[in-house]
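Open the model in your viewer and keep the selection box handy. We will go from stop to stop, and each one tells you what to pick and what you will find there.

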Amino acid sequence: MASGPVAANPQTEALLRVVTAGSVDDGKSTLVGRLLYDSRAVMVDQLNAMEEASERLGYDGAELALLTDGLRAEREQGITIDVAYRYFATTRRSFVLADTPGHVQYTRNMVTGASTADVAVVLVDARTGVIEQTRRHLAVAALLRVGRIVLAVNKMDLVDFSEEKFDEAVEAASEVLCSLPATHLTAVPVVATAGDNIVTRSERMPWYGGVPLLELLESVPVEHPASPGARFPVQLVIRPRTDGYRDFRGYAGRVVSGSLKVGDPVSVLPSGRTTTVSAVETADGPLGAAELDHSVVVRLADDVDIARGDVIVGPGTPPAVTTSAVATLCWLSEEPLQAGRTYRVRHCTRDVRGTVTVRDRLDVSTLQSAPAESLELNDLGRVSVVTTEPLVIDRYADSPRTGSLVLVDELTGATMAAGMVEDTA
């Protein structure tokens with residue numbers, strides 16, 4: 001019987017963020033369920049709930065996909081609709097796993113899951129191989145700079161464990177990725193329902209010389225681009241008016257690139273004013289430095305005019321301060337992009353108005369870009385973004401946090417697109 005998750009060893013590898021993707025019925029949820037079950041990361045009450053739901057829904061036995069399909073609509077339809085996050089650990093590593101939908105209409109959810117992932121596990125049905133939706137998921141993962149992709153060729157039992165079928169799928173995926181941003185591809189033949197090559201090596205595929213999926217994920221290195229320098233978008237200017245704090249001026253936010261330490265020379269962008277860091281403070285007391293992802297209050301040696309949306313930048317390669325950029329967009333709305341229409345452009349803590357002009361659209365069937373005037377739901381394309389106020393941005397390849405942006409409808413507040421900055425213009 002499954003028990004609680006195994007406690008992670010403090011000496012393990014770094015936390016790994018994994019996203020799973022694939023077409024409908026390729027077996028993503030079943031694979032994730034099998035991974036959790038066989039790695040003993042399922043609590044007893046979760047197991048009991050899964051067995052009860054399996055019986056209620058008419059399955060012959062325990063349906064492992066129900067461990068991740070948490071919404072009632074998902075269980076009734078047998079599909080994944082929303083991103084399901086699961087957290088578990090082995091003796092070697094801790095994981096955050098995002099199971100994303102396979103339907104074309106939910107590709108936007110895959111963008112959400114892949115935006116913070118270190119590894120993408122893309123499933124392929126061994127019978128059909130790489131299809132259009134597989135190409136779309138590979139393209140999204142590559143464009144989002146997910147450095148490593150694991151191709152899980154599932155349902156190998158339905159093709160008599162054919163090495164030839166496995167090789168065909170791997171070759172097709174490699175052809176897709178060769179025209180996209182560089183990424184590392186590894187392939188594993190699996191049978192999610194039976195657990196072949198999920199946690200333990202399968203004896204039914206002796207021709208496979210690699211390791212099972214879990215062992216691969218436990219050992220894969222986490223690689224991040226070299227930091228261009230400290231980036232600290234200001235979320236809030238703190239000016240208490242109470243006795244004893246009337247001279248206090250601090251800037252609250254999160255370090256999204258590099259680190260800031262007391263004494264560092266910094267620039268405040270877009271104004272360009274320069275000063276030094278005099279203090280880094282938290283609710284628990286002062287710090288000597290704020291590392292990546294630390295939420296802190298920064299105090300500066302000089303009084304500088306700073307507002308929400310400004311960026312405190314430390315030593316290193318400076319970001320661009322510009323009102324125009326070229327970006328790759330994934331269009332997330334059922335309402336098509338309207339050229340020349342004004343949208344809200346949200347970048348870090350800055351929110352400005354901007355217009356978008358489409359340069360070209362990526363055809364996921366051929367992986368060729370062609371001129372286009374608009375983008376529709378789930379389309380990927382290159383656009384020019386022109387804003388009414390300057391943004392402090394990096395290329396997405398150099399700094400994902402400061403190289404990404406979101407387009408929002410001015411009237412409804414709906415998220416229209418997610419973008420990765422390619423260049424400033």
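## First stop: Glu389 and its partner

Begin by selecting Glu389, which is partly exposed, with a relative accessible area of 37%. Please keep in mind throughout that this is a predicted model.

Salt bridges that share partners join Arg344, Arg346, Asp351, Arg353 and Glu410 into one network, and we will come back to that group shortly.

Now add Arg350 to the selection. The side chains of Arg350 and Glu389 form a salt bridge, with 3.5 Å from N to O. This pair links distant parts of the chain, with Arg350 in strand E18 (residues 350-363) and Glu389 in strand E20 (residues 380-393), 39 residues apart. Is Arg350 buried or exposed? With a relative accessibility of 12%, Arg350 counts as buried, whereas Glu389 is partly exposed.

## Second stop: inside the network

Select Glu410 and Arg344, two of the residues in the network. Their side chains meet in a salt bridge at 3.8 Å, N to O. Glu410 sits in the loop between strand E21 (404-408) and strand E22 (415-424), while Arg344 belongs to strand E17 (residues 342-347), so the pair ties together parts that are 66 residues apart in sequence. Color by accessibility if you like: Glu410 is partly exposed at 34%, and Arg344 is partly exposed at 22%.

To see the rest of the group, add Arg346, Asp351 and Arg353, which salt bridges with shared partners join to Arg344 and Glu410. As a reminder, side chains of opposite charge can pair when their charged atoms come close.

While you are at strand E17, pick His347, which also lies there. His347 counts as buried, at 2% relative accessibility. What does its side chain reach? Show the backbone of Thr402: the side chain of His347 reaches the Thr402 backbone oxygen at 2.8 Å.

## Third stop: Lys155

Move to Lys155, found in the loop between strand E5 (148-154) and H6. Check its backbone torsions first: phi of Lys155 is near 60°, a positive value in a residue other than glycine.

Then show the side chain together with Asp125. Lys155 forms a salt bridge with Asp125, and the closest N and O atoms are 3.7 Å apart. Since Lys155 lies in the loop between E5 and H6 and Asp125 in strand E4 (residues 119-125), the pair ties together parts that are 30 residues apart in sequence. Why does Lys155 count as buried? Its relative accessibility is 18%, and buried means under 20%. Asp125 is buried as well, with a relative accessible area of 5%. If you list every salt bridge in the model, the count comes to 22.

Stay in this loop and select Phe161, which is also found between E5 and H6. Phe161 is buried, with a relative accessible area of 17%. For a long-range distance, add Arg204: the C-alpha atoms of Phe161 and Arg204 are separated by 7.2 Å, though the two residues are 43 residues apart along the chain.

## Fourth stop: a charged patch on helix H6

Next, turn on the surface and select Glu164, which lies in helix H6 (residues 163-177). Glu164 counts as exposed, at 57% relative accessibility. Which residues gather with Glu164 in a patch of negative charge on the surface? Add Glu163, Asp167, Glu168, Glu171 and Glu175 to complete it.

## Fifth stop: three loops to inspect

Select Asn197, in the loop between strand E6 (184-189) and helix H7 (213-219). Asn197 is not a glycine, yet its phi is positive, at about 60°. Asn197 is buried, with a relative accessible area of 1%.

Now go to Thr90, in the loop between strand E2 (84-89) and strand E3 (94-99). Thr90 counts as buried, at 7% relative accessibility. Display Glu218 beside it: the side chains of Thr90 and Glu218 make a polar contact at 2.7 Å.

Finish at Pro270, placed in the loop between strand E10 (265-269) and strand E11 (273-282). Is the peptide bond from Leu269 to Pro270 cis or trans? Look at omega, which is near 15°: the bond is cis.

How values were computed. Residues are numbered from 1 along each chain as its sequence is written. This is a predicted model: local features need pLDDT of at least 70, side-chain atom pairs count only at pLDDT 80 or more; totals for chains, interfaces and linings use all residues. Side-chain values use heavy atoms; hydrogens and water are left out. Patches are made of residues with over 30% relative accessible area and no salt bridge: like charges are joined within 9 Å, nonpolar side chains (Val, Leu, Ile, Met, Phe, Trp, Tyr) within 5 Å. Accessible areas come from the Shrake-Rupley method with a 1.4 Å probe; for residues, only the protein chains shown count as cover. A salt bridge is a side-chain nitrogen of Lys or Arg within 4 Å of a carboxyl oxygen of Asp or Glu. Lys and Arg count as positive and Asp and Glu as negative; His and the chain ends are not counted. The place of a charge is taken as NZ of Lys, CZ of Arg, CG of Asp or CD of Glu. Helices (H or I, at least four residues) and strands (E, at least two) are DSSP runs, numbered from the N terminus. Buried means under 20% relative accessible area, exposed over 50%, partly exposed in between (1.4 Å probe, protein chains only). A polar contact is a pair of N or O atoms within 3.5 Å; within protein, one must be able to donate a hydrogen and the other to accept it, and residues adjacent in sequence count only if both atoms are side-chain atoms.
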